[in-house]
Amino acid sequence: VVAEGIENRTLVVFTSDNGPALISDQLGGEQGPLKCGKGTTYEGGVREPAIFWWPSVIRSGRVSRVLTSTLDIFPTALNLAGVGTTGKDVLDGYDITDVLAKESHDGPRREMFYYSGKYLMAARHGAYKAHFWTM
């Protein structure tokens, strides 16, 4: 990206899809202070680090604790590309451009629902999370 000279107009995203595979012991990763790992709805299974790099827009070294999801990457990319959606489009994610570019401490996502197949396992609203069934 840098070699091509497009770093100031390119958003690079690096993230993971779930927590460490605890069944693999030390080879599966480390969840730190978070409870459990891959395959669970506890924070160690669903809270993942993400790195967003865009030198002309995102301040280097910035850390955000705003509730977001990988579901938010697609609507954000659509907005940044200037592509609108039709009234028929239903997206599960939110545009988080303001969280990235304006360092907003208040993102558009207020809640998150955690499913296993068709079963609702947990729900988060703000700082609160309820587990209905745990794995």
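**Note on a predicted model: core, surface patch and a buried glycine**

1. Ile58 is in contact with Leu11, Phe52, Trp53 and Leu100, when its neighbours within four places in sequence are left aside. The structure discussed here is a predicted model, and the points below should be read with that in mind.

2. Which residues make up the largest nonpolar core? This core has six residues in all: Trp54, Ile58, Val66, Ile96, Val99 and Leu100. Ile58 and Leu100 are thus both members of the core, and they are also in contact with each other.

3. A nonpolar patch of about 570 Å² is found on the surface, made by Val1, Val2, Val12, Phe14, Ile51 and Trp53. Strand S1 (12-15) and strand S2 (50-53) are the elements that give two or more residues to this patch. Trp53, one of the patch residues, is also among the contacts of Ile58.

4. Val12 belongs to strand S1 and is one of the residues of the nonpolar patch. Is Val12 buried or partly exposed? Val12 is described as partly exposed because its relative accessible area is 33%, which lies between the limits of 20% and 50%.

5. Gly37 is located in the loop between S1 and helix H1 (43-46). With a relative accessible area of 2%, Gly37 counts as buried, because the cut-off for that term is under 20%.

6. Beyond its neighbours within four places in sequence, Gly37 is in contact with Pro20, Leu22, Gly44 and Gly45. Gly37 and Ala77 are 40 residues apart along the chain, and their C-alpha atoms are separated by 29 Å.

Note on methods:
Residues are numbered from 1 along each chain as its sequence is written. This is a predicted model: local features need pLDDT of at least 70, side-chain atom pairs count only at pLDDT 80 or more; totals for chains, interfaces and linings use all residues. Side-chain values use heavy atoms; hydrogens and water are left out. Patches are made of residues with over 30% relative accessible area and no salt bridge: like charges are joined within 9 Å, nonpolar side chains (Val, Leu, Ile, Met, Phe, Trp, Tyr) within 5 Å. Accessible areas come from the Shrake-Rupley method with a 1.4 Å probe; for residues, only the protein chains shown count as cover. A salt bridge is a side-chain nitrogen of Lys or Arg within 4 Å of a carboxyl oxygen of Asp or Glu. Helices (H or I, at least four residues) and strands (E, at least two) are DSSP runs, numbered from the N terminus. Buried means under 20% relative accessible area, exposed over 50%, partly exposed in between (1.4 Å probe, protein chains only). A nonpolar core is a set of buried Ala, Val, Leu, Ile, Met, Phe, Trp, Tyr and Cys residues joined through side-chain atoms within 4.5 Å. Contact means heavy atoms within 4.5 Å.
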